[in-house]
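User: Could you walk me through this one? I'd like to start with one residue and then wander around a bit.

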Amino acid sequence: MEPARLTTDPAFAVALVDRRLFGSFVEHMGRCVYTGIFEPGHPAADAAGLRTDVLALTRELGVSLVRYPGGNFVSGYRWEDGTGPVGERPRRLDLAWRTVESNAFGLNEFMDWAGKAGVEPMMAVNLGTRGVAEAAELVEYCNVPGGTIAADLRRKHGVARPHDIRLWCLGNEMDGPWQTGSLTAYEYGRLASRAGHAMRKVDPTIELVACGSSNSAMPTFAAWEATVLELAYDQVDYLSLHQYFDPEKVDPASFRASAVDLDGFIDDVIATADHVRAKLRRGKRIKLALDEWNVWYQSRFTEPEDRPIAEEAPRLIEDDYTVTDAVVVGNLLISMLRHADRLTVGCQAQLANIIAPIRTEPGGPAWRQTIFHPFALTAALARGTVLRTAITAPLMSTGSYGDVPVVDAVAVHDEHRGELVLFAVNRGEQAVPLELDLRAFGGLAVAEHLTLTDQDPHARNSVAHPARVTPQRLAAPVIDGGRATVLLPPVSWHALRCTIPAAI
Ligand code: AHR
């Protein structure tokens, strides 16, 4: 195999890495909340019923921000149902997943969990079955110290200090026909603008995310973004993107090259947002929030309409992830970092059990899926400034994207700590030597070479074998005169942490 070649330079700065890129998502769906993060009576539960084993794994994952409470769930949700005395909360039919919502866990329980997990909340309002008034009241309940009806209700519920939530989603996937109360782009753009306006009257300091398309294959993609932004540009700070990658929907090479699709999607949304900016003659640039992304075996999913109404917390979309899925997740994170100048929020969907890095058994253990590892290592090591990389690599043929480079990579430079971290993947089925040219950094050395790969690309972790797949530490390659060669095994993800001597 011909080698791949990579060079980078401290001058190739893209942007500082925003910690919000390493977000996750907790939806009232299946077992994400119930028996996922919350299970009163579990041996590891604290006095509030929060699973401390899952809290510990969440912190280890390096999650910075968590979106809540949905997802499709939010579009039929009454946030008041999940507040006040637990014994008085209603049991309701959840319209999104056709399950029974007990409301035993709600807003204040989530904020307690978020504090213990050390994550920033990203709160979504219901713009499906509800509207401007309820969205503004929710901001009042959360962010006003006291002296008004909603703020005093929070105090009565035992939360004296405001939650002070900064980041808010104006609904969820409002373009999708499956969404409860879905809207046209015009209807949604007006509603998002009006709701955002009212929410900002309650708290002018909040940041607002408008719904972009549910995915790039939606027939209204790009036209939706353009119309929504033309109507709501001045009210919003972010536009959302959602994209899931199904290993069984495309040929294996296309799946391994999923980051090519994500790169194109992000570029197209940036172009659309900037078109509207030019048209409206505004100075502000809209930032991007990829607030749902992951690998999802979606073709195995049974639509809620095709299932009878289920009881509480059924096992829904509890995908078991392979080594290949983890390499794809690592590559999607590379794509996200590459766009760090515009993409500053990311939420892997979801955190526990539902297409998740963390799995649990009711009354039993919690464990790390394969996809846990590239996320945790990227979140831990990607500190500082993203640098553009120039890469040449052998090509691999894919059914969906034509010929694409077999190796993909990004670099992150932490000037203060004197570190350069290279994140790289080999998306092909043969080993590839990667030649590094890092002469621009002086006499650096590789301190650590971590990889996720396996002889069996289909290997998974399970409750019986929770550590079947873990990252491995390889012998660090020697850098000679700023150059080194690293062999990337087939279907592998890598983090190379280099230390840079302080300038004399
Ligand atoms: O994450 C699962 C679902 O996928 C979310 O509820 C929805 O927003 C998306 O379609």
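**A chat about the model**

Analyst: Keeping in mind that this is a predicted model, we can begin with Gly-176, which is buried because its relative accessible area is 0%, and buried means under 20%.

User: Where is Gly-176 placed in the chain?

Analyst: Gly-176 belongs to the loop that runs between β7 (167-170) and α5 (185-202).

User: And how far apart in space are Gly-176 and Ser-213?

Analyst: Measuring from C-alpha to C-alpha in the model, Gly-176 and Ser-213 are 8.0 Å apart in space, while in sequence they are 37 residues apart. For another pair, take Glu-361 and Ile-270, which are 91 residues apart along the chain and whose C-alpha atoms are separated by 41 Å.

User: Where is Glu-361, and why is it called partly exposed?

Analyst: Glu-361 is found in the loop between β12 and β13 (366-368), and it counts as partly exposed because its relative accessible area is 22%, which falls between the limits of 20% and 50%.

User: Changing topic, which residues surround the ligand?

Analyst: The residues around the ligand are Phe-25, Glu-27, Gly-71, Asn-72, Trp-97, Asn-172, Glu-173, Tyr-244, Glu-292, Trp-296 and Gln-350. Sorted by kind, the residues of this shell are four nonpolar, four polar and three charged.

User: Which pocket does the ligand sit in?

Analyst: The ligand sits in the largest pocket.

User: What distances do the side chains of Asn-172, Glu-173 and Glu-292 have to oxygen atoms of the ligand?

Analyst: For Asn-172, a polar side-chain atom lies 3.0 Å from an oxygen atom of the ligand, and for Glu-173 a polar side-chain atom lies 2.8 Å from a ligand oxygen atom. In the case of Glu-292, an N or O atom of the side chain is 2.6 Å from an oxygen atom of the ligand.

User: How much of the ligand's accessible area does the protein cover?

Analyst: On its own the ligand has 290 Å² of accessible area, and the protein covers 95% of that.

User: Gln-350 was in that shell, so which loop holds it, and what kind of peptide bond joins it to Ala-349?

Analyst: Gln-350 lies in the loop between β11 (343-349) and β12 (358-360), and the peptide bond that joins Ala-349 and Gln-350 is cis, with omega about -10°. There is also a cis peptide bond from Tyr-68 to Pro-69, with omega near 0°, and Pro-69 is found in the loop between β3 (65-68) and β4 (92-94).

User: Why mention those bonds?

Analyst: They are worth pointing out because most peptide bonds are trans, and in a similar way most residues other than glycine have a negative phi.

User: Which residues have a positive phi although they are not glycine?

Analyst: Among them are Arg-98, with a phi of about 55°, and Ala-222, with a phi of about 80°. Arg-98 lies in the loop between β4 and β5 (99-101), whereas Ala-222 is in the loop between β8 (207-210) and α6 (223-232).

User: Are those two buried, exposed or partly exposed?

Analyst: Arg-98 counts as partly exposed at 26% relative accessibility, and Ala-222 is partly exposed with a relative accessible area of 25%.

User: Last one, what does the side chain of His-449 make a polar contact with?

Analyst: The side chain of His-449 makes a polar contact with the side chain of His-494, at 2.9 Å. His-449 is found in strand β20 (residues 445-452), and it is buried, with a relative accessible area of 2%.

Terms used:
Residues are numbered from 1 along each chain as its sequence is written. This is a predicted model: local features need pLDDT of at least 70, side-chain atom pairs count only at pLDDT 80 or more; totals for chains, interfaces and linings use all residues. Side-chain values use heavy atoms; hydrogens and water are left out. A residue is near a molecule or strand if one of its heavy atoms lies within 4 Å of it. A polar contact is a pair of N or O atoms within 3.5 Å; within protein, one must be able to donate a hydrogen and the other to accept it, and residues adjacent in sequence count only if both atoms are side-chain atoms. Accessible areas come from the Shrake-Rupley method with a 1.4 Å probe; for residues, only the protein chains shown count as cover. On a 1 Å grid over the protein atoms alone, a cavity is a set of points where a 1.4 Å probe fits but cannot get out, and a pocket is an open set with protein on both sides within 12 Å along at least five of seven lines; lining residues have an atom within 4 Å of a point. A molecule sits in a cavity or pocket if more than half of its atoms lie within 2 Å of its grid points. Ala, Val, Leu, Ile, Met, Phe, Trp, Tyr, Cys and Pro count as nonpolar, Asp, Glu, Lys and Arg as charged, and the others, Gly among them, as polar. Helices (H or I, at least four residues) and strands (E, at least two) are DSSP runs, numbered from the N terminus. Buried means under 20% relative accessible area, exposed over 50%, partly exposed in between (1.4 Å probe, protein chains only).
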